[in-house]
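Me: I'm new to this one and would like to learn how to read it. Could you walk me through it, feature by feature?

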Amino acid sequence: MKRKLLLGVFTAGAIAGGLLSTKAFAQVEGELSPEEETRLVQEFNKMLAEGVNPGEIWYEVGKEAIKKYHLDKCDLGLGPGVFKGAAAQLPRYFADAGKVMDLETRVGWCLQKYAGMTQDQVLKFVRQCWGKSGNCMSEYDGIIMYLTMESNGHKINVNLKDPHVKKMFEIGKQAYYTRLGPWDFNCATCHAGKKEVRIRATRLWSADRPGEAGQAVSIFPKYLVRWGMPMSMHYRYAECIRQMRWPEFIPHSDLGVALSTYLYGLANGTEIKAPGIGR
């Protein structure tokens, strides 16, 4: 009951008065010291222990957006409008689209089919809050949050026995370890190997340490303290690729699906616990 009451207060405050109306959502300006980041994460962890995660606000936004954009007709693999546990089984092959899709790509496909959006309109919808922070509430982020949280408690179960999915898994693995750009970086530069790597106060997870890929992806969308809003997995890919100086990442691209298939395939058996929280 306490959780519902607090979430209701936060939701009402956020929608009616803007996120900046509460101390918890105060916009973070400029660079933070590692000590300040750690303090903020600890502050939010305390809220989590009390049963509140600010990212859950987007669940309510997404619930309304599902109806607004007619996504109750969207089939995530378990039937139109059947969302409980569906995200845990993605990526998967969809015969109606003739391709493997992850959650975000499937939502984009459904927005075109049921909301009448063009591909360009979908991409604009996806990027609405990219590069912003603090007081930006995206319906797209809400949709992804809602659909993911409907799988909370379910274990990730990507069907790697499906040849379409297995092929995409292998493409994703190849992309993960491919070096590109002026710095000759790849995903594995930060997220592979047995040796522990840190950036400021953050310990980086590794695809080579058992269970860590699952711990990383099972909490997306992830609420970021420094931004005051959640980050979807495709936004995460875009940021990593930007930092590596690769060519610009296009959300809902085959590269995104391949990376999702590889990472969520590695994460099979991990329970979904969204939203996570981080600096």
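Me: Let's start with helix packing. At roughly what angle do the axes of α4 and helix α6 cross?

Reply: First, some ground rules: this is a predicted model, where local features need pLDDT of at least 70 and side-chain atom pairs count only at pLDDT 80 or more, while totals for chains, interfaces and linings use all residues. Residues are numbered from 1 along each chain as its sequence is written, and side-chain values use heavy atoms, with hydrogens and water left out. Helices (H or I, at least four residues) and strands (E, at least two) are DSSP runs, numbered from the N terminus. An axis is a line fitted to C-alpha atoms, for helices over the stretch in contact, and angles run from 0 to 180 degrees between N-to-C directions. Here, the axes of α4 and α6 (residues 139-149) cross at roughly 120° and come within 11 Å.

Me: What word describes how α4 and α6 lie to each other?

Reply: Angles under 35 degrees count as roughly parallel, over 145 as roughly antiparallel, 65 to 115 as roughly perpendicular, and the rest as oblique. So α4 and α6 are oblique to each other. The crossing of α4 past α6 is also right-handed (the near helix is turned clockwise from the far one by less than a right angle; anticlockwise would be left-handed).

Me: Which residues of α4 and α6 meet?

Reply: Contact means heavy atoms within 4.5 Å. From α4 come L103, E104 and V107, and they meet Y140, I143, I144, L147 and T148 of α6. Sorted by class, that contact has 6 nonpolar, 1 polar and 1 charged residues. For these classes, Ala, Val, Leu, Ile, Met, Phe, Trp, Tyr, Cys and Pro count as nonpolar, Asp, Glu, Lys and Arg as charged, and the others, Gly among them, as polar.

Me: And how far apart are the axes of α4 and α5?

Reply: They are 10 Å apart, and the two helices pack at an angle of about 130°. That is why α4 and α5 are described as oblique to each other. Their crossing is right-handed. On the α4 side the contact uses G108, L111 and Q112, and on the α5 side Q119, V122 and F125. This contact divides into 3 nonpolar, 3 polar and no charged residues.

Me: What about α10 and α11: at roughly what angle do they cross?

Reply: Helix α10 (residues 233-243) and helix α11 (residues 254-266) cross at roughly 105°, with axes that come within 11 Å. That makes α10 roughly perpendicular to α11. M233, H234, Y237 and I241 of α10 meet L255, G256, L259, S260, L263 and Y264 of α11. The class split there is 7 nonpolar, 3 polar and no charged.

Me: Now for empty space. How many cavities of 30 Å³ or more are there?

Reply: The general idea is that rolling a probe the size of a water molecule over the atoms shows where empty space is left. On a 1 Å grid over the protein atoms alone, a cavity is a set of points where a 1.4 Å probe fits but cannot get out, and a pocket is an open set with protein on both sides within 12 Å along at least five of seven lines; lining residues have an atom within 4 Å of a point. Points are joined across faces, edges and corners, and a volume is the space filled by probe spheres set on them. By this rule there is 1 cavity of 30 Å³ or more, with a volume of about 210 Å³.

Me: Which residues lie nearest the centre of the largest cavity?

Reply: L103, T148, F220, M233 and Y264 do, out of 18 lining residues. Two or more residues each come from α4, α6, α10 and α11. The lining has 11 nonpolar, 5 polar and 2 charged residues.

Me: And which element gives the most to the lining of the second largest pocket?

Reply: That's α4, with 4 residues. The pocket has a volume of about 220 Å³ and 14 lining residues, with K99, T105, Q112, Q119 and H252 nearest its centre.

Me: Where is the cis peptide bond with omega near 5°?

Reply: That bond runs from F220 to P221, and P221 sits in the loop between α9 (212-217) and β5 (222-224).
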